[in-house]
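Let us walk through this fold, from sheet to helices to core.

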Amino acid sequence: MDTPAGCDRHTSGTRQRAAILGSVTVPGSPEQVAGARSFIARTLAGVPGVDCDAATLLTSELVTNAIQHTDSGAPGGTVTIVVIGVPGGVLVEVVDDGSAGTPTVKGDLFAAEGHGLFLVQALAAQWGYLRDPAGTTVWFHLTTADVPAETGEPGLASDYLAPAAPTAARTPSQMAATSSSPAT
């Protein structure tokens, strides 16, 4: 018997599965960031233990980055947001139309802007990015309140979401050293 997403609990001998809770594709314009925040809030409203405020903030930052720094902000560009319920939390992916550069955490905390990925790094249990010719997917994982955050190496420890590639980096130096495709 299926149970609603977000209601699964560990039972002995039962393997929990990941489930897509929702996805949306929006035009790549700044006016769409508010809609992205609303989408996350609605999607996570029924998921117990997930910090909806953190998910909303981080998604807003990633959508803003996609619009400002990638081809998603060009005429006809789009940004796709996918929310996946995973055992012990949620995974949020923000997919853009690609760019020449790679996502980079800014090291200057006193800069007037550029703190989006710093916030993701600080608030998410794990985060990373994957690049391919079609674009870049930046993702973050938030654990539920009853599951401790992962520590140590970046990437997801769950057997449902194994660390994908060495692009699951958390620091600027790791990102520069492990980028899956060179910036052109």
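Contact means heavy atoms within 4.5 Å. Axes are lines fitted to C-alpha atoms, for helices over the stretch in contact, and angles run from 0 to 180 degrees between N-to-C directions. Helices (H or I, at least four residues) and strands (E, at least two) are DSSP runs, numbered from the N terminus.

This is a predicted model: local features need pLDDT of at least 70, side-chain atom pairs count only at pLDDT 80 or more, and totals for chains, interfaces and linings use all residues. Residues are numbered from 1 along each chain as its sequence is written, and side-chain values use heavy atoms, with hydrogens and water left out.

Start with the sheet. It is open, has 5 strands in the order β1-β2-β3-β5-β4, and pairs antiparallel (two strands pair if DSSP finds at least two bridges between them). β1 and β4 are the edge strands, each pairing on one side only. Between β4 and β5 there are 7 bridges. R131 has T136 in β5 as its bridge partner.

Two helices lie across strands of this sheet. α2 crosses β2, β3 and β5, at about 170° to β5. α1 lies across β1, β2 and β3, at about 15° to β2.

Which residues of α1 are buried (under 20% relative accessible area, 1.4 Å probe, protein chains only)? They are V33, A36, F39, I40, T43 and L44. These residues sit on the same side of α1 because they cover an arc of only 110° around the axis, taken from the directions from the helix axis to the C-beta atoms. Their cover includes β1 (19–27), α2, β2 and β3.

V63 is in contact with V33, A36, V79, I81 and V94, leaving aside neighbours within four places in sequence.

Definitions and conventions
Buried < 20%, exposed > 50% of the residue type's maximum accessible area, 1.4 Å probe, protein only.
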